[in-house]
Amino acid sequence: MLETGTKAPDFTLQETNGKPITLSDYRGKNVVLYFYPKDMTPGCTTEACDFRDQNSRFEEVNTVVLGISADPIERHQKFAVKHELPFTLLSDPNHEVAETYGSWQLKNMFGKKSMGIVRSTFVMDREGTIRKVWPKVKVAGHVDDVFQFVKQNLV
């Protein structure tokens with residue numbers, strides 16, 4: 001997993017409308033980049049809705065929220081519409097970006113081992129330096145923690 005103080009690796013992925021989004025396009029803004037396992041699942045829905053509910057607060061402190069999973073664009077579209085998500089979801093179907101950031105890991109669920117995205121969050125400052133990493137995120141209270149970090153350290 002990438003560490004605090006390193007430059008965030010740049011990437012380009014498609015967002016829900018098929019438009020390519022490049023991380024470096026957001027230079028000049030803080031970025032919350034969160035990796036999540038799968039659209040429409042309970043934990044991922046809670047996390048997305050928590051970011052949705054605080055999105056305007058993030059915008060007030062010059063911060064953009066980007067969510068990444070390996071789900072296809074069509075699934076992201078349904079997820080974003082169903083839950084009225086005001087931020088960008090990016091599709092990483094070959095999990096290349098998740099691998100680069102260290103969020104693609106061996107998971108063990110009920111004795112079954114498989115590779116997948118481990119819920120994790122990275123906060124980048126206006127210059128694209130990673131300022132905070134949350135590996136293996138627990139959803140409850142996480143978005144509040146992320147917002148407090150941004151407000152106290154990047155405003």
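This is a short talk on the sheet, the helices and the empty spaces in one protein model.

Okay, thanks everyone. One thing up front: this is a predicted model, so please hear everything I say with that in mind.

Let me start with the sheet. Seven strands make an open sheet here, and if you walk across it the order is E2-E1-E5-E4-E3-E8-E9, with mixed pairing. At the edges sit strand E2, residues 20-22, and strand E9, residues 130-134, and each of those pairs on one side only. On average, neighbouring strands in this sheet are turned by 30 degrees against each other, ignoring direction.

Now let's go strand by strand. Strand E3, residues 30-35, runs parallel to strand E4, residues 63-69, and six bridges join the two. If you want some landmarks on screen, Val 31 has Val 64 as its bridge partner in E4, and Tyr 34 stands opposite Gly 67.

On the other side, E4 is joined to E5 by four bridges, again running parallel. E5 and E1, though, pair in the antiparallel sense, over two bridges. Leu 90 in E5 is a nice residue to click on. Opposite Leu 90 stands Ile 68, and Leu 90 is also the bridge partner of Glu 15.

Back to E3 for a moment. How many of its six residues are buried? Six of the six, so to speak a strand that is mostly covered. Both faces are covered: Asn 30, Val 32 and Tyr 34 are buried on one side, and Val 31, Leu 33 and Phe 35 are buried on the other.

What about the helices? Helix H2, residues 73-82, lies across strand E1 (12-15), E4 and strand E5 (88-91), and it runs at about 160 degrees to E5. Helix H4, residues 142-153, lies across E3, E4, strand E8 (120-124) and E9, and its angle to E9 is about 160 degrees.

There's one residue I'd like to point out in helix H1, residues 42-60, and that's Gln 54. Is Gln 54 buried or exposed? With a relative accessible area of 11%, it comes in under the 20% cut-off, so Gln 54 counts as buried. Leaving aside neighbours within four places in sequence, Gln 54 is in contact with Val 143, Asp 144 and Phe 147.

Okay, empty space. The largest pocket has a volume of about 460 Å³. There are 18 residues lining that pocket, and the ones nearest its centre are Pro 37, Lys 107, Met 109, Ile 117 and Val 118. Two elements give two or more residues to the lining, strand E6 (104-109) and strand E7 (112-117). Which one gives the most? That's E7, with five residues. As for chemistry, the pocket lining has nine nonpolar, three polar and six charged residues.

And then there's an enclosed space too. The count comes to one cavity of 30 Å³ or more, and about 40 Å³ of space lies in the largest cavity. Its lining is Leu 23, Tyr 26, Arg 27, Lys 29, Val 31, Met 124, Asp 125, Arg 126 and Gly 128. Sorted by class, that's four nonpolar, one polar and four charged. You'll recognise Val 31 in that list, the E3 residue whose bridge partner in E4 is Val 64.

That's what I wanted to show. Happy to rotate the model if anyone wants another look.

Terms used. Residues are numbered from 1 along each chain as its sequence is written. This is a predicted model: local features need pLDDT of at least 70, side-chain atom pairs count only at pLDDT 80 or more; totals for chains, interfaces and linings use all residues. Side-chain values use heavy atoms; hydrogens and water are left out. On a 1 Å grid over the protein atoms alone, a cavity is a set of points where a 1.4 Å probe fits but cannot get out, and a pocket is an open set with protein on both sides within 12 Å along at least five of seven lines; lining residues have an atom within 4 Å of a point. Grid points are joined across faces, edges and corners, and a volume is the space filled by probe spheres set on the points. Ala, Val, Leu, Ile, Met, Phe, Trp, Tyr, Cys and Pro count as nonpolar, Asp, Glu, Lys and Arg as charged, and the others, Gly among them, as polar. Two strands pair if DSSP finds at least two bridges between them. Axes are lines fitted to C-alpha atoms, for helices over the stretch in contact, and angles run from 0 to 180 degrees between N-to-C directions. Contact means heavy atoms within 4.5 Å. Buried means under 20% relative accessible area, exposed over 50%, partly exposed in between (1.4 Å probe, protein chains only).
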